[in-house]
Every structure is written in C-alpha cells, then in structure tokens.
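These are my notebook entries on one protein model. I set down what I looked up, entry by entry.

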Amino acid sequence: MRIRSVLLRGVASAALIIATDTGATAQTTAGQELAVQPPATKDDGAEAEIKQPVANSDVVVVGVRKSIEDAVDRKRNSRNVVDSVVAEDAGKLPDNNVPEAVARVPGVNITRSQGQGGSVTIRGLEGVQTTVNGNDVAVGDGRALSLSDIPAELIKSIDVYKSRDPSQAEGGVGGTVNVELRRPLDLKRGITAAGSLRGLYDDRTDKISPYGSLLIGGNFESGIGDIGFLVNASYTKTFWNESSIINESPSTFFGAAQAALPAAIRDTAIAPYRIQYGVDTGKRTQRALSAALQWKPTSELSLVLEGQYFGARFQSRYDGLDLQTREGDPIPSNVQVLPSGAIRSYTLTRVPRPANPDVPGSLPETLGPQSGLPGGVLANQNRGTDDTYIGNFEAHWAPEGVRLDFTAQYQRNRRDEFAVDSYLRFLNAKQATVDFASPSIPGGGPRFDFVGVDETDPSQLVVDRFTDRYNKFRSDLYISSLDAEIDVDKDGFFRTLKIGSRFQKRDDASGYGYRDAIWSDGNRPALSALQGVDSRIATPAIRGVDNLSWATINSDLLYDRWNQVRPQVIALNPNKGGPGASASLADFYTPDRPFSDRGQIGVFKENTFAFYAMGNFAFNVGFPVDGFAGARYVNTWGLSGGTRYNLLPLLDDAGNQIPGSCCREVLEEESTPGNFIDIMPSAGLTWHFTQKLQLRTTYNLNIQRPNFYALRSFIVVNQSNPNDNIFAGNPDLKPFRDNNYNAVLEWYPRAGTAVSLGAFYKKQSGFIYYTAALEPVAQLGGQVRRVFKERNAGPGEVFGLEGAVTTPFFFLPGLLKNFGVSLNGTFIPTATLEVPNEERTEFTSTPASFTPRYTTNAILFYDSKKISARVAYNWRSEVRTNVDVVNPGWVQEGLPTQRLDAAFNYTPFPFVTLSIEGTNLLRNNDRFRYALYPDLPVGLRQMARTVQVSIRVRY
C-alpha cells in the first residue's frame, strides 16, 4: 500500500504535476531536507497505510528531475483523473495564489480581478467544489470557499479532480479543487523553521504589496510514540488598481430618441444603454494561521488535532463617469451604423420636451442648468470583514488488513460589508459625442465626451442620489465522517472493500438592506452644500483615452463621515427609496444602518447524510487490468426560510381602490422544507497494455446543489398593478447533475517523461441560471405573470480532448540537460446547453458559458544546484460569459487572451533562496464583445503588470 506524499523542490514544479499516490522523502537541490511522512488522510482513493518512521532514515530525492519522476509515478498509479500543483518548499507555490497556480492545469480557466486570480472553471463548468484537507468549507450563502482567500504560504499541495470515486464528498459538477495544508509529521526529525518575505510591485497602483509567512514545526520521537507540532502563519496586503470602459445592455430605442433616428433603421437599430469609464482601486489584508498537533503512539494509530483561521479586511473604491446613451430625452443625430446593424456613433443633444397634448394646460419644458443629459459621476466605497474558523480532529487506525479513518470538524464563517454610494450630475451637460467602437481605444472600444463641460470642475457637480447598503452572512457547519477499508484478497479478483458514511449539518443566515436619497431635477443640492465632505479627481489612465479625468466626491471621506452626513441628507429633503421608505424622513435616516430588505433575508438549515461502498479489483486479459466500482448515496433535507411580499392597493374609507395608488405591504414569513435523495455511481478501469503504455477510463455522476440565496422562500407580488413583473426565490430548484466520462491514454517512455492524450464527455441536466418565464402565480389566483427567478435549464453536453507532455531534456548535452518543458492543451469542439423560452414550450441550443474552444499552456524550466528559472505562457480562445434567453443581445464573449509570466530563483546558501518574478509581462487586458453584434465591443478591463522580489529562509 502506498502513502500519498510528495514535496516538490525547484521552480519546475510550476510545470503541471498530475497527482496520484506515491511515497518519498525529498531533499532540495539546495540541501534542504524535508521528511515526507504524511498523516494518513483521505485522498483521491489510493490505498494508504501508517508506517513508523525510522530515525535518520530519510530517503533522499535530489533535484527537480527526481521530483518530476515522482510526479509521473503519481499520475501513472492514479485511480482518478487528477492534476496537482505542489509547493516547491515551505511557503512557496509556483504562483501567488491558488487560482493562478491551477490556471496552468489542462482544462482549467480562471478569471482575474482586484489584483489576483479569482473564480475557477474546469472543462467549461463553473460548479467547482472547494475543499481543505478533503472537507467542504462553508462561506456565506455559497457552497465553496473562494480559493483566492487561502494564502499560498500555508499550502502543501493543490489537487484538481476531474473525476471522483464514491469515497469523495459530493460537490461541484465541474470538479473539485482540494487544498492540502502542511502537517507536523510531514517534516524532518527535530525542529523545522521556514519563513519568507516578499514585496510585489504593481505598475498601476505604483505601490508595493507586502507578503510574509513563518512556519515553525517539530517532529520528535518519544517514549509514547512520534509527536509533532506545527504553526504556520501568513500575512498579505494586496493593493490593486484596474480601469475599465464598458458598453451596457444593447437594445432598440423608444420615445423621442427613436423618432429622431433615420426612418430606415428606426425600428431595428440597437445601441447600448450607457457607456461607463471606471477605475477600481482598493486593498485587501489577509491574515491566516494554521496550527496542528499530531501524535502517532503506535505504527497503527495516528491522531491529528488542528485549527485554521482565514481572515480578510477589504476596502474598495470605484469611481465612474457615465452617460446613458439610449434612454429618455436625449436626441441622436449624425448617426453612423456598423455592418451588424448596431449603431456605431452619434451626437446626443438634450432638447426641451414639448407640451403634452393629453394634459390640459401643460407648457413646453424650459431647460434649467440641471436639466442635462442623463449622465454624471458615481462613487462607491465598500468595506468589510470576512472571518473563517476551522477546528478539525482526525483519528486513523490501521491494524493488519483494515484501515479506519474518523473525522470531526466544526467551521464558522462571518462576513460583514457596508457601502456608501453616490451619484452626481454635471450642470449644463446638454450635449455629448458618442462612439461605441472608437479607434482611439487600442483594439476598439467605447468612448464619449461631454460638449462644453469641464468634468474636472467640482463646482459643476450637484447631488443626484445617495445610497447606503449592507450585507451580512453567518454560517456554521458541522461535519463528521467514518471510513473503513478492508483487505479481501490481495491476489484475487476482489482486492479491497471500502465503505464509509458522512453527516453534515449547516446553519446559514443572510441579510441585506439599503436606502436611497433621491433628488429630482431642479432640486439637486450642490456638492459644496455638504459640510465635511470634499471632492477629488479620478483618473483611470486608460490607454488610448488621453487626459481622462473627472471631479467626484471624496468617497473615502464620505464613508468615514457618513454618520455626520445623514442629518444633512434629512435637511436637504430628498425623496426616499428602499425598505422602510414609508417611515418619516428622520426615522428613515437616523439609524446607523438601513432597514432590512425582507426579500433579501434568508435563514437556511441543511442536513446531509451520505453512505458509500466501493470495491477495488484486478484481473488479467493478456495484460493486467485494475479498477474500482461503487456508488454514493446522499440524502439532503432541510428548510429554506424567507418572506412573501404582497403589495396591495390602497383603499379608501369605503373599501374601494384608490386609482393609481401603491401600496400597502402584507408580509408573510415562510419556511419551505426540502428533501432530496441522490445516488451517484462511479467506476474506473486502468488497462496496462505494457509497462510503459496504459489506458485509464472512468465514469462518475456529479451533483451540485443550488446556493442558499437562490433557494430562499421569497416572492414580491404587486396586486395593484396587473402588469408588474414578479421577482422570487425558488426553493424547488433541483441539483445540477453531470454524467462524466473520461478516457486517457498515457505513455511513459522513460523516468520523468510522460505523454498523455485524453478525451472527456460530460452530459448535464438541470443547469441553474437566472431568467424570466410566464407562469401562474398562486397569490393572484393563478394569473399568469412574468416571473424572474433562478431556474433549472434543459440538458447540455461538453466534449473535449486534452493532451500533455512533460519531460526534462535528458537527451541534450551539457548544461542543456538542466532544461525541460511542460506543454498541455485542451480542445472543446462541443459545449452546448438547451435553454427554454419564456413560455417554456420550446428549447433552444445555445453555447455554454465559460467554455473556450482552445486553451494552451507552455512552460520552459531550468534547474541546477543554485539556479532555477521558468517562463510560463497561457493562451485561450474566445469564451461566452453568460446565458440570457430573455435578452439574447446582452450575451457577451470574452476575446482571446494570453498571459506571460517568468521567475528566476538563486540559492547562494543551502538555507536561503532569492527570487524575482514577473507576471502579465505582455500587459494583457480583458476584452469583451457582444455575441450577436461582434463588431460592437463591450469594452475592456486593464490589469497590472507586476514584479515581485522575495527571500525564503529555512532551517
């Protein structure tokens, strides 16, 4: 039996490591020794045993080449289709966070925002389960911990599972990303200490983001067995500055704007709703701590007690300059049209409204200084905290022929956010030029300019709107599991039996509230009328838009002094909006926080019991074949709580509806029970044609439960207006299911070299998306209304091919032997989804989101005793970013994107490594376009290039 463990040293570990099970102890090229005696934990299904380490018996693996050989062996012996990235040494992943590290895995794509890698998709599916040491982590109303919240310095390895066996907890349809943290008996005998300091320079913030980590651990023999301790702490502060230009929501015109268009295009021409320049800046401070005690009293028994804390403090500011380009009164002229039929450019002019002939005595409008174009400046300040605590106990007992694993865990997550938004208008903004595909933006993009307005003059700003809002999430999660593996016949067909059970209890609560202060045309107060708040200049520095700056409110100061500004808001007598707006002006704005939006409050209780059984077998058909088969039974039950809103017409004393009145609220608290049973079969065969050539085939059924927010029992019914849309939650949502088939042909011509070619097919049902449909509403006696909520779509399928080559250049002479490459690519010719129309009578096949047709990674690495280096290149083709059958013209595509990173490490002494790394060296930006109008750009988002210098010390 094998114990899962590898420590990879050297920059070549950035090359994609495909993880399976092997055992080794590593010595780095710099001479650092790390004993790899892992805790016996659940992993991807490989057999494991507990062995008593022998003092001073470390098996030495020298250099990156041997590490690659171990990684190839892990792939070769794997039961599942799984890729891994393994930390080079303590506190050193090959990239700065988890998403950026796994972005080099075949079939994985990520988004990047706020200075770091963000969400992850696997083979085109968003549903990615996140686990830490094999257990789910609950955060807010979602079902996965954000991978970017886990500091790289705490991580031992990251496993990306593309198939799973019954012993693994059910989760995302895309796959599972498991983060394994270090444990004490992984370390060498005695005391181990390691630390790192690094500074990351961002060319857009012009600031240095500091990072630091410290690991102290011990692994000792004693009279009561092996005892180890470990404390691993990390601190990071990340600054970001990202600029954007976007077109929003193209559609046809209406009203006076439509009448002003040339007759030939009046009914068909489309244009975006608005253009917005934006600059997003902020900082995020993360503190993390992992502490563990491990005791191995005998060779058969191991106990682990550990805890983790992941904490974040974040502050972001968004400044925008925007213009509504299609709505309301602005009149277009000088219209030019793109080949697709979308409008390319025009001049917008605000003209007086004529007298309304349907209103006796109405007069033509007289434009005042505030009666300008619907555009201005917006500023948002958002701050919050996010804290996750995990306590975990494990016991592993392995007498002869049996292995038992027990886990008990408690998790606690608390997240709070508060934001203050403002929207200001310019005086005398009567005209603007608009170009939705301007050549002045590199690659083409939207641009507008006010005519006759100095956007940098704060005296021209008047307040249109203030909004403050809060979010809060509370989550408590309890997990316990018991697994047993029994040897049956080591030489027969049926080798081992593995069975287990798992119970999970989760209690969640979420809440949201907001309030608006809105001033009407002619009554907007000057920004200077507010005491204690001043203005600032925002400059996004978008290439191709020279000297773009505008005056806006100082949102940092507004946030800090919001308690002093609220009484002034009352004195300035705005209109009110938001929950509780029926209260008096003073009562509405006196509380520190807005009233809760009952429709956004959810209370959720979910229990899950799972049981699985699987057998491992082997036989011979002229060549050896081994495999597994089994199933996982999952019962999920609980309650989804929320509020039903009935907005009833106001009645006069006689009980008759007051014409045009709205509304009196009738609220009904409701909890909806749910109970689901799922059976998830899995099977796999590995065909060993020769010692160097094998075929791995797997099948498994994945499920992904809806997030809690989508499940809340919530509906708003306006009974006073029969034409109003209905907005609701959907406690009847079914899980998203995925039948997952894999076949991978693998060739191992020599040690350390692997060539693989794989095919995968995913048949899905129940894709969850937000949309509208016509359906009867019980609160209206079965009347059919347009209801917006999360829904299950029809079937879908994804078919693709993956290829990978990893090899050192053993065949080259001299120093050239120290080089090596890792190449991989994914080709997905089929990725479709069946989506119903609003009547849900017909289904339309549409391209699936987040599924690029091509993805490639190329890594060239070099490693010697003192010097290691890598250059990594990533490219992907265009990709759909959303599904929208209600407004198909709003569907966007991300244009092809590329990224080039490089790193150089120097180890002058066995205990010190100096590094310099650069990311986004090609200064790539995210660009988007509208799928139905490919010559109409959505816009772009500019991201930073970074240079990082670090020092790592270990003992």
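The entries below go from the whole chain to single strands and residues.

**Entry 1: the whole chain.** I began by noting that the model is predicted. I then looked up the secondary structure and found seven helices and 49 strands in the protein chain. The chain has 955 residues, and buried residues make up 57% of them. I counted a residue as buried when its relative accessible area is under 20%. For the surface, I noted that the chain exposes about 36,600 Å². Carbon and sulfur atoms supply 57% of that exposed area. I also looked up the contacts between residues at least 6 apart in sequence, and 74% of these join residues at least 24 apart.

**Entry 2: a sheet of four strands.** In which order do the strands of the open sheet lie? I found the order 17-18-21-22, with antiparallel pairing. Strand 17 (331-337) and strand 22 (445-450) stand at the edges, and each has a single partner strand, so one side of each has no neighbour in the sheet. From one strand to the next, the twist averages 15 degrees. I then turned to one pair in this sheet: strand 21, residues 431-438, is joined to strand 22 by five bridges in the antiparallel sense. As an example of residues facing each other, I recorded T433, whose bridge partner in strand 22 is D449.

**Entry 3: the nonpolar cores.** Which residues have the most contacts inside the largest nonpolar core? I recorded L321, F450 and F466, in a core of 62 residues. I followed F450 further and left out residues up to four places away in sequence. Its contacts include L321, L323, L373 and F426, and also D322, Q431 and E455. Apart from this core lies another one of 26 residues, including A103, L154, V177 and I390.

**Entry 4: D386.** I located D386 in strand 19, which spans residues 375-397. Is D386 buried or exposed? Its relative accessible area is 5%, and I therefore entered D386 as buried, since the limit for buried is under 20%. I next looked for polar partners of its side chain. One polar contact, of 3.1 Å, is with the side chain of N413. Another, of 2.9 Å, joins the side chains of D386 and R415.

**Entry 5: strands 35, 38 and 39.** How many bridges join strand 35 to strand 38? I found 11 between strand 35 (residues 754-765) and strand 38 (residues 796-808), which run antiparallel. In this pair, A759 has L801 of strand 38 as its bridge partner. Strand 38 also pairs with strand 39 (residues 819-836), in the antiparallel sense and over 12 bridges. Here I noted V805, which stands opposite L823 in strand 39.

**Entry 6: S501.** I found S501 in strand 24, residues 494-518. At 25% relative accessibility, S501 counts as partly exposed, because this class lies between the limits of 20% and 50%. How far apart are S501 and A613 in sequence and in space? They are 112 residues apart in sequence, while their C-alpha atoms are 9.1 Å apart. With neighbours within four places in sequence left aside, S501 is in contact with S480, S481 and L482, and also with F609, A610, F611 and Y612.

Methods
Residues numbered from 1 in each chain as written. Predicted model: local features only at pLDDT ≥ 70, side-chain atom pairs only at ≥ 80, totals over all residues. Heavy atoms only, no water. Pairing = 2+ DSSP bridges. Helix = DSSP H or I, 4+ residues; strand = E, 2+ residues; numbered from the N terminus. Axes fitted to C-alpha atoms, helices over the stretch in contact; angles between N-to-C directions. Buried < 20%, exposed > 50% of the residue type's maximum accessible area, 1.4 Å probe, protein only. Polar contact = N/O pair within 3.5 Å; in protein donor to acceptor, adjacent residues only side chain to side chain. Contact = heavy atoms within 4.5 Å. Areas by Shrake-Rupley, 256 points an atom, 1.4 Å probe, with all protein chains shown as cover. Core = buried A, V, L, I, M, F, W, Y, C linked by side-chain atoms within 4.5 Å.
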